[in-house]
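Me: I want a close look at one part here, strand pairing. Please take it strand by strand, then set it in its surroundings.

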Amino acid sequence: MTTLLNVKDLRAYYGQVQALHGLSFSLNEGSLVTLLGANGAGKTTTLRAICNMVRSTGAIEFDGKPLNNRSTENIVRFGIAHVPQGRGTFTTMTVEENLQLGAITRKDSAGIVSDIERMYAHFPVLKQRHTQQAGTLSGGEQQMLAVARALMLRPRLMLLDEPSFGLAPLVVRDLFGILGKINREDKVSILVVEQNAQLALELADQAYVIETGRIVMSGKAKDIANNEEIRKSYLGY
Amino acid sequence: MELFTNQVLAGIATGAIYACMALAVVMIYQAIDHLNFAQGEMAMFSTFISWQLMQWGLSYWAAFLITLAFSFVAGIAIERILFKPLAKAPVLTNVAGFIALFAIINSSAGLIWDFTIKQYPTPFGSSPFLGSQLISTHQAGMIGVTVLLLLGLYFFFQYTRIGLAMRAAASVPESARLVGINTSWMIALGWGMATAIGSIAGMLIAPVVFLEPNMMGGVLIYGFAAAVLGGLSSPFGAVVGGFLVGVFENLAGTYIPGVGNELKLPIALALIISVLVVKPAGLFGRHIVKRV
């Protein structure tokens, strides 16, 4: 297994406030890794730092190449698709335009057309609504659209920021099922940040637990899920 | 009845110019959330460039095209040099920037070409259009060029990838960056296009208002009125607003006693205020709801 993403001693700042205090972790090619932790632990900040959307220091390497000091839009071109918190839907545009925007950096127009069809096969509800304004979709549908938009990049790594947020439990199950399928079948590595630790641990291979900007625990997802002490003290279930 | 038709058609013709100015204003507003007070002066300066080129012996259409290209590049340059550094500055800093730009361009034009009124040619002639007394060929040309421009822009924004990217960058900048769009350059491109659109408005209206450094003052106020009426968040609304303001202005000038030519401009301003009071988002604008 080769390391796809390697983060070393990551420190991030919002103005004068330091949000991450030297965080290190890595992700193997093809794996599904979850970052867990309470509100304000620094999960979102970690994802934002990878895409250079927040000021940070430390080393971030993707496929052996440093990402530091590159602009967000350039980092995307490495094949890193980020589904932000709140889904980042282009609400005034149609569902299909949202998908096209996901592939805006690609040049192969035939591939884009066939990928849009592939997304409609993954998410049939998007096909039904493809001419509709994306803002009129329900929360669950918008999350499907956000994942589909990210996949349109044909990413090597997908960063997901709390995909379960605000969704009904059944919809969340559905969505996580699809994420697992994407990871296995399309060989997309996934780094998912979640507050719903139980569900994330069922899905993930590897897990890291963050507390106040530091990694306090790491290991196989199975082991962490089975360790009652960790679950009770850090994950709250 | 003939007077009425005549006034409506003339209103549509000047309305076409207001529509262009409104569109230019809305494009920049969408990109950077500020009203460009210098839009009219930029258009005026472009018009002077085209006049100068014709003085040097170029044909009308050659001068027209060169001016378009010049305006496009100049718009990008203004954004890169002046407004990109101000992107994170407070609103008032930007307003000061726009006012400075207004004064600089206005005075430079006066310095280079002086403040005397100049004749500006029309490529369409000013004979009656198709033998009808209702509208002149130049007015018909103003409408024709504007309609072509609007169709071209519609096609560009609806059916090209770069148009899609520009819309995305204007509507949700953060998501646009996350799909790999260089939003900063999209803003610059918006400035270039808006400046070129403004220059078309300037070159089309110059034969009517005559060429001088203050020629666009009134036109820009009508353009603002049109943009506010249609809604600053809606390019389509801005265009409709432009035509409505043009027709409204002419009809008010003709039929409301005591308005005449002198009070037409205050009517545009009254229109801005009434729309802002009654429907702050404009006829076609959307209320922007921010989630906290």
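Reply: Two strands count as paired if DSSP finds at least two bridges between them. Helices (H or I, at least four residues) and strands (E, at least two) are DSSP runs, numbered from the N terminus.

This is a predicted model: local features need pLDDT of at least 70, side-chain atom pairs count only at pLDDT 80 or more, and totals for chains, interfaces and linings use all residues. Residues are numbered from 1 along each chain as its sequence is written, while chains are lettered from A and ligands numbered from 1 in the order in which they are written.

Start with one pair of residues. A:T34 has A:V192, in β8(A), as its bridge partner. Now the strands. β3 (32–36) and β8 (189–194) of chain A pair in the parallel sense. Five bridges join β3(A) and β8(A).

Next, the sheet. It is open and has six strands, in chain A. Their order is β6-β7-β8-β3-β9-β10. In that order, β3(A) sits between β8(A) and β9(A). The pairing is mixed. In general, strands of a sheet pair through backbone hydrogen bonds, either parallel or antiparallel. At the edges are β6 (80–83) and β10 (214–220) of chain A, and each pairs on one side only. From one strand to the next, the twist averages 15 degrees. Angles run from 0 to 180 degrees between N-to-C directions, and axes are lines fitted to C-alpha atoms, for helices over the stretch in contact.

Two helices of chain A come next. Contact between two residues means that their C-beta atoms, placed from the backbone, lie within 7 Å. Helix α1 (43–50) of chain A lies across β3, β6, β7 (157–161), β8 and β9 (206–211) of that chain. α1(A) runs at about 145 degrees to β7(A). Helix α10 (228–235) of chain A also packs on the sheet. α10(A) touches β3, β9 and β10 of chain A. Its direction makes about 145 degrees with that of β10(A). β3(A) and β9(A) are thus named for α1(A) and for α10(A).

Step back to chain A as a whole. It has 10 helices and 10 strands. Its radius of gyration, taken over C-alpha atoms, is 17 Å; the globule rule (2.2 Å times the number of residues to the power 0.38) gives 18 Å for 237 residues, so chain A is as compact as a globular protein of that length. Its C-alpha atoms fill a box of roughly 45 × 40 × 35 Å along the principal axes. Of its 237 residues, 46% are buried, that is, with 20 or more other C-beta atoms within 10 Å of their own (12 or fewer is exposed, in between is partly exposed; C-beta atoms are placed from the backbone). Take contacts in chain A between residues at least 6 apart in sequence: 67% join residues at least 24 apart.

Now the neighbour. 17 residues of chain A are in contact with 15 residues of chain B. On the chain A side, α2 (72–76) and α3 (95–102) each supply at least two residues. α3(A) gives the most, with four. By class, that side has seven nonpolar, seven polar and three charged residues. Ala, Val, Leu, Ile, Met, Phe, Trp, Tyr, Cys and Pro count as nonpolar, Asp, Glu, Lys and Arg as charged, and the others, Gly among them, as polar.

α3(A) appears again on the chain B side. It is included in what covers the buried residues of α6(B), together with α1 (2–32), α5, α7 (173–178) and α8 of chain B. Helix α6 (161–171) of chain B has these buried residues: B:L164, B:A165, B:M166, B:R167, B:A168, B:A169 and B:A170.

Two of those covering helices also pack on each other. α5 (137–159) and α8 (183–209) of chain B meet at about 170 degrees, with axes 10 Å apart. α5(B) is therefore roughly antiparallel to α8(B) (over 145 degrees; under 35 is roughly parallel, 65 to 115 roughly perpendicular, the rest oblique). B:H138, B:M142, B:V145 and B:L149 of α5(B) meet B:I197, B:I200, B:L204 and B:P207 of α8(B). The contact has seven nonpolar, one polar and no charged residues.

What of strands in chain B? It has zero, with 11 helices. Its radius of gyration is 19 Å, close to the 19 Å of the globule rule for 292 residues, so chain B is as compact as a globular protein of that length. Of those 292 residues, 48% are buried.
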